[in-house]
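Please find below my notes on the model, set out as numbered points. They take up the pockets and then the strands.

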Amino acid sequence: MAVSEQIIRTPSRRRFLRSAGILGGMAATFPAWADAFVDLDLPGGPNRRELTTAFPQKAQMILQRTRPPLLETPWEVFDRGVFTPNDQFFVRWHWAVIPEAVDVAAFRLTVRGHVNQALSLSLADLLAMPRVELAAVLQCSGNSRGFFQPRVPGGEWENGAMGNARWTGVRLREVLDRAGVKAGAVAVRSSGLDNPVVAGAPKFMKPLDVDHACDGEVMLAFQMNGEQLPLLNGFPLRLVVPGWYSDYWIKMLSDIEVLDAPDQNYFEAIGYRVADTPHASVKPGETGFKTVPVSRLIPRSFFTNVTNDTTVKPGAVVPIRGIAFGGDCGVSEVELSADGGHSWQKTELGRDEGTHSFRQWNMRITAPQSGVLSLQVRCANTKGEVQPAEPNWNGGGFMRNVIERVQLKVA
Ligand SMILES: Nc1nc2c(c(=O)[nH]1)N[C@H]1C(S)=C(S)[C@@H](COP(=O)(O)O)O[C@H]1N2
Ligand SMILES: [Mo]
């Protein structure tokens, strides 16, 4: 019980300022970011990244950028379980004006626009409403961008711009019902406490269709894995949009505007759009295609306990495991191929934590007597969508979901 007390009581504003103070002290602490380094093994490099513990409420993370912070989850974390710990959950912000502390007593969420009654809700108001909880994968649409060839600009992530958490909060639908959405409303646009660094630059915001916003799954979450949200993951409140890419999951959510016309802001009308083609794929240099906003997740699966650096003994029986997710629906099956994709064997699936969660998969494979053990893994979701054998390509580096491969040495 007492989530409300927990949120209101801890951390105190003073303690929070202290723990979050490092954000303000960035310039002063530079260049002492690194505790260690990691090699991301991306095509075309550069591959060396610093590992840092310099960010508040975060354990060791891969430093992709300092300001605004872009922190990737080290890959080993995904082998430890299907829930990604808060202190190693990835971080991505568009603009660098991010509050270093949020006063939970003064915090208000406004709900306005095409509604009968504009609202200004405190955290206590929200905490008094009925709660929902579900597990869901949060994945940046640019996750794995560093593998795009030819290379595209943007955060050169390996595969760690994703995570899975159990989210607790209140339904967006209930909040909208309180305000009373007027007839003719088409979209619900959310934004947070962060701001652009220069005047005239667009604030980060994203809309959902009214029907989607009211589907009963879209949630205003104040807890992640049973704890309050880390500041960098959106404390005190964030939107959770199960089955959709994370650009819709607005952090430090402070404003909800109901629109009576399609949203024309930059991040919907211009940014975060992809070709309306299979796998959002185009040819490098291609123009003139129709675009649509990045939206629902598509299936992916990964190896977590073996990499291209793994060596196995000749003839050994090797346990192979990983994680998968279905996208905007559940995982139907995860299959492994040890013969270049000619034949596929079903892996054993771990516990089902819910439609939108990571799911673990397991398999035992016998290594050959010499050479290499080449493996591929693919996920099919409950809609029958399967990962493609060929990587997609687009200029934004969005929506990669090609079948993953590893090559183990036998020696
Ligand atoms: N307020 C706010 N919310 C935001 C963003 C942002 O820049 N500002 N970035 C979005 C994008 S593109 C991603 S990938 C996720 C990252 O969430 P995380 O930092 O909790 O991993 O936040 C989303 N929500
Ligand atoms: Mo993102």
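1. The second largest pocket of this predicted model encloses about 460 Å³ of space. Its lining is made up of 22 residues, and those nearest the centre of the pocket are R92, H94, Y266, Y272 and F398. By residue class, the lining of this second largest pocket consists of ten nonpolar, eight polar and four charged residues.

2. The largest pocket has a volume of about 1,100 Å³, and 38 residues line it, with D41, F147, E158, N159 and N308 lying nearest its centre. The lining of the largest pocket divides into 19 nonpolar, eleven polar and eight charged residues.

3. Where does the largest pocket lie with respect to domain 1 and domain 2? Residues of both domain 1 (1–271) and domain 2 (300–410) take part in its lining, and the largest pocket therefore lies between the two.

4. Several strands contribute to this lining, and β1 (34–39), β18 (300–303), β25 (372–381) and β26 (404–410) each supply at least two residues of it. The largest share, four residues, is that of β26.

5. Strand β18, one of the strands that supply at least two residues to the lining of the largest pocket, has buried side chains in both directions: R300 and F302 point one way, S301 and F303 point the other way, and all are buried. Strand β18 runs antiparallel to strand β20 (residues 317–325), to which four bridges join it, and within this pairing the bridge partner of R300 is F325 in β20.

6. A separate point concerns an open sheet of five strands, in which the order is β7-β6-β15-β10-β11 and the pairing is mixed. The edges of this sheet are formed by β7 (119–121) and β11, each of which has a single partner strand, so that one side of each is left without a neighbour in the sheet. On average, and with direction ignored, neighbouring strands of this sheet are turned by 20° against each other.

7. At the β11 edge, strand β10 (residues 187–192) pairs with β11 in the antiparallel sense over five bridges. Within this pairing, A187 stands opposite D209 in β11, while V188 has L208 of β11 as its bridge partner.

8. Is strand β11 largely enclosed or largely open to its surroundings? Although β11 stands at an edge of the sheet with a single partner strand, four of its five residues (205–209) are buried, and the strand is therefore largely enclosed by the rest of the structure.

Conventions:
Residues are numbered from 1 along each chain as its sequence is written. Chains are lettered from A and ligands numbered from 1 in the order in which they are written. This is a predicted model: local features need pLDDT of at least 70, side-chain atom pairs count only at pLDDT 80 or more; totals for chains, interfaces and linings use all residues. Side-chain values use heavy atoms; hydrogens and water are left out. Buried means under 20% relative accessible area, exposed over 50%, partly exposed in between (1.4 Å probe, protein chains only). Two strands pair if DSSP finds at least two bridges between them. On a 1 Å grid over the protein atoms alone, a cavity is a set of points where a 1.4 Å probe fits but cannot get out, and a pocket is an open set with protein on both sides within 12 Å along at least five of seven lines; lining residues have an atom within 4 Å of a point. Grid points are joined across faces, edges and corners, and a volume is the space filled by probe spheres set on the points. Ala, Val, Leu, Ile, Met, Phe, Trp, Tyr, Cys and Pro count as nonpolar, Asp, Glu, Lys and Arg as charged, and the others, Gly among them, as polar. Domain bounds come from an automatic or database domain assignment. Axes are lines fitted to C-alpha atoms, for helices over the stretch in contact, and angles run from 0 to 180 degrees between N-to-C directions.
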